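Student: Could we go through the aromatic rings in this one together? Let me pull it up.

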Amino acid sequence: MISGVHAQALLKRYEQLKIVELSKNDLIEDLLRRVGELEDAYYQVKAEHEREIRYNRDIQLHEMELMEQIKRVKKIMDREPFVIVLLDGDKTLFLDQYVRAGEQGGKDAANKMATDLGEYVSQHLPNVASPKLVVRIFANVKGLGYTYHQAGIIDKTSVMDDFVRGFNESGLLFDFIDVGQSKGSAEDKISATLKLNIYSCHCHQIYLGLCHKNSCTELLEETMEDIDLTGRISMIESIPSEKELDEFKAPFRIAQFPDIFRSNKISSSPIASVKTPVKTQPTMLSPHPRSASLTRTSTNTSTSSATPTSWSSWASVTASNPGDVTLQPLKPASAAALKTPVVDRNKHGQRIDRMDFKTVSKEELSRIKKMKLCNLYYLLGECPNTNCYHDHDYKLSKEEKDVLRAVARMTPCHFGMTCEDPKCIYGHRCPQSETGKKECHWGSSCRFEPAQHGIDLNVVKVTKI
């Protein structure tokens with residue numbers, strides 16, 4: 001035990017030094033521990049940094065590969081650019097001078113389309129380098145030829161076939177396609193072609209001929225929901241479209257080509273300049289019965305001139321050699337000939353549906369319509385549609401069949417008043433209109449054309465088929 005004042009002071013100083021020494025050791029231990037933690041954190045950050053360097057290097061390499069792929073894909077997408085023209089040939093009509101010229105007219109019309117449409121595309125699509133022009137025209141060629149012939153524009157329906165042939169021969173991508181006489185075939189094909197091309201990267205613009213509301217407009221209404229697709233479609237207007245489409249057409253660019261297409265419809269009334277009919281006498285005499293007889297019925301009307309020899313040629317024969325001509329009475333028509341199907345027409349050549357719609361009960365009309373009966377099956381005897389969803393099993397009475405026939409007549413025929421099919425069950429005139437009145441109960445919203453209102457219902461001639 002230390003005694004003495006001086007010794008006690010030294011002990012006290014020693015105790016203080018021990019405390020300082022302990023604090024120093026604690027400090028050193030804390031520093032060493034902290035250094036260890038920082039070293040561990042350093043190596044962790046270093047490892048993460050090295051991983052990021054490798055990752056960024058891989059990303060850069062992958063990005064370079066993707067950029068190369070994008071360049072290759074873009075190069076492929078830029079190959080063979082084209083614009084496509086889709087027209088309903090029964091509604092968008094070529095000018096008379098082209099159709100009248102037959103095969104050469106078809107070539108001239110195609111060349112004019114290539115020139116004018118090419119200039120229009122170059123002006124409105126300057127960023128597309130030399131796009132190819134694809135033209136698809138869908139029409140009932142037979143019905144179209146009949147329409148032009150009935151209007152006196154061409155002297156025979158085969159001229160339309162020549163025009164189509166010339167049009168198709170003029171360009172590898174120009175096609176005038178005959179869709180036959182099925183109703184709505186042209187619209188369905190246009191709709192299907194539109195769906196096929198609207199999302200194609202090679203198709204830079206679709207030019208759609210439109211003049212009435214159909215399945216194509218319904219499809220376009222769906223595509224209009226995507227604003228990017230709206231810019232890919234333009235309209236070609238020839239004959240002014242229906243008023244109900246004015247608002248519908250607003251978002252689209254409208255193009256007009258008056259040097260190629262008609263700006264008005266073809267009149268359905270035939271003109272007398274094609275052939276002058278000769279009245280049939282009750283005791284018609286036929287020269288040289290063993291040669292071509294004058295009793296052959298024309299495919300146009302029962303009052304048309306005899307074929308193949310005209311009356312003027314027979315007159316010249318009798319004038320020069322009257323002794324060479326023997327006149328004999330014609331034989332009466334057989335019972336089979338009397339049953340030949342006919343189409344009733346008025347003095348203007350317009351088809352007439354012999355049916356008084358005022359005698360049909362509105363209640364019965366509404367009831368039959370709600371039954372969803374198959375018109376083709378009950379009125380023509382068979383239904384060619386294997387997927388038809390209308391009723392074929394109901395036992396229809398004679399009175400109900402007459403009402404169903406009136407229901408069918410309320411649907412406009414695709415060929416209008418120029419229809420030649422005697423078995424056609426659809427309407428060729430507005431059932432709600434009265435003779436001499438150009439409007440009906442439905443006004444401008446009527447499904448029938450304005451020319452199919454107020455027609456003369458007096459039958460003066462028939463078309464024998």
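Student: Which residues do ring pairs link into a cluster?

Tutor: First, this is a predicted model, where local features need pLDDT (the predictor's confidence in each residue, from 0 to 100) of at least 70, side-chain atom pairs count only at pLDDT 80 or more, and totals for chains, interfaces and linings use all residues. Residues are numbered from 1 along each chain as its sequence is written, and side-chain values use heavy atoms, with hydrogens and water left out. Rings of Phe, Tyr and Trp (its six-membered ring) pair if their centres lie within 6.5 Å; planes under 30 degrees apart are stacked, over 60 edge-to-face, and the rest tilted. The cluster joined by ring pairs is Phe94, Phe163, Phe167, Phe174, Phe176 and Phe261.

Student: How many aromatic pairs are there by this rule?

Tutor: Just apply that cut-off for the ring centres. The count comes to eleven.

Student: What kind of pair do Phe94 and Phe176 form?

Tutor: Both residues are buried (under 20% relative accessible area with a 1.4 Å probe, protein chains only; over 50% is exposed, in between partly exposed). Their ring centres are 6.5 Å apart and the planes make 35 degrees, so by the cut-offs the pair is tilted.

Student: And what kind do Tyr120 and Tyr207 form?

Tutor: Tyr120 is buried at 12% relative accessible area, and Tyr207 is buried at 1%. Their centres are 5.9 Å apart with 75 degrees between the planes, so this pair is edge-to-face.

Student: What is the average pLDDT of the chain?

Tutor: Of the residues, 78% score at least 70. The chain's average is 77.
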